[in-house]
Amino acid sequence: MNHFLNTQDCTRAELDALLAHAAELKRSKFGDQLKGKSIALVFFNPSLRTRTSFELGAQQLGGTAIVLAPGKDAWPIEFEVGSVMDGEAEEHIAEVARVLSRYVDLIGVRAFPKFVDWQVDREDRVLKGFAKYSTVPVINLETITHPCQELAHALALQEHFGTSDLRGKKYVLTWTYHPKPLNTVVANSALTIATRLGLDVTLLCPTPDYVLDERYMGWAAQNVAESGGSLRISHDIEDAYRGADVVYAKSWGALPYFGNWAPEKPIRDAHRHFIVDEAKMALTNNAVFSHCLPLRRNIKATDGVMDSPACIAIEEAENRLHVQKAIMAALVRGR
Ligand code: CP
């Protein structure tokens, strides 16, 4: 692996090796795999889990992490090639990425969609800019996908079912209500990793407008063909939940309304009943429930579900630490 930008860029053997190493690192907290090494963590957006787990993870393996917030404690950055820089940005990614590469061994980048034009956001310009100009490996800390979350989720499922072979498990990725239109990042990622691992996936969402971008639907179709899993879209809650082994929840705004959210709001408001509750979970095959967090209780999932033994969201969050240590160690080893 040169960078860790998307799980789809990794071979299945690389993903399996990362997950196996993460399980080992979970058993032995400290190591020297990053001794003398450093990572710059560039955050354009807030974080609780990603920042804490990367900083601690680097430290626990003997390395150093430096957190930067461009526009706050670091200079605002320009990403447009050929731009006449007469706006807010004080320096160009061409310099930023190359300078950081002289200081550190790894660069992590968090840059959420800007929510104005999906055709622009789907180009993932910030992450690609870092990957283009950096001479050290770049890690996606969540841009338009969240590959670290994918691995943490996969590890939590493997732990729950007691096997690394998840093929044949019935997996429901359910849309949930949220008062704001959220990005599709974690939904893209859940669809990608669940199909990659050969699960039988149902994408449950209110209407066809909530189906994900064709890139991720295409990755899922390709993964299903290779892994032997399956993928279907449903708008029927009872049908989707019945017999499920895994329920994974996320809220997202419908892509056709991207940047023009006012007409989407009444549709979203009419589907508050997509909340994950005890009655829906009772339809499942004693399913496990998870979410990437942060989660608004009693909006996306009830207290009863979040506090039930079925909920593995905290395990998944803990696993961020272990999988990211495996990712950092693999990238440093690969140089
Ligand atoms: N799930 C996740 O990435 O959490 P943070 O936004 O708190 O980092």
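In this predicted model, helix α7 does most to wall in the largest cavity, giving four residues, the largest share of the lining. Helix α7 covers 185–196, and α6, covering 147–161, joins it as an element that supplies at least two residues of that lining. By name, the lining consists of Gln149, Glu150 and His153, then Val186, Ser189, Ala190 and Ile193, plus Tyr248. Sorted by class, that makes four nonpolar residues, three polar ones and one charged. As for volume, the largest cavity comes to about 30 Å³, and the count of cavities of 30 Å³ or more stops at one.

The open space is another story. The largest pocket holds about 990 Å³. It is lined by 40 residues, and those closest to its centre are Asn45, Ala111, Phe112, Pro113 and Lys114. Several secondary-structure elements each put at least two residues into this lining: the helices α2 (49–60), α4 (118–121) and α5 (125–133), together with the strand β3 (77–78). The class tally for the pocket lining runs to 19 nonpolar, 13 charged and eight polar residues.

This pocket is also where the ligand sits. Around the ligand there is a shell made up of Ser47, Leu48, Arg49, Thr50, Arg110, Glu142, His146, Gln149, Cys292, Leu293 and Arg320. Broken down by class, the shell has four charged residues, four polar and three nonpolar. Gln149 turns up twice in this account, once in the shell around the ligand and once in the lining of the largest cavity.

On to the polar contacts of the ligand. The side chain of Thr50 places an N or O atom 2.6 Å from a ligand oxygen. Arg110 also uses its side chain, with an N or O atom 2.9 Å from an oxygen atom of the ligand. With Leu293 the backbone does the job: one of its N or O atoms lies 2.9 Å from a nitrogen atom of the ligand. As for cover, the ligand on its own would expose 260 Å², and the protein buries 94% of that area.

Put side by side, the two spaces read as follows: a cavity of about 30 Å³, with α6 and α7 each contributing at least two lining residues, and a pocket of about 990 Å³, which is where the ligand is found.

How values were computed:
Residues numbered from 1 in each chain as written. Predicted model: local features only at pLDDT ≥ 70, side-chain atom pairs only at ≥ 80, totals over all residues. Heavy atoms only, no water. 1 Å grid on protein atoms, 1.4 Å probe; cavity = no way out; pocket = protein on both sides within 12 Å on 5 of 7 lines; lining within 4 Å. Points joined across faces, edges and corners; volume = space filled by probe spheres on them. Nonpolar A, V, L, I, M, F, W, Y, C, P; charged D, E, K, R; others polar. Near = heavy atom within 4 Å. Polar contact = N/O pair within 3.5 Å; in protein donor to acceptor, adjacent residues only side chain to side chain. Areas by Shrake-Rupley, 256 points an atom, 1.4 Å probe, with all protein chains shown as cover. Sits in = over half its atoms within 2 Å of the grid points.
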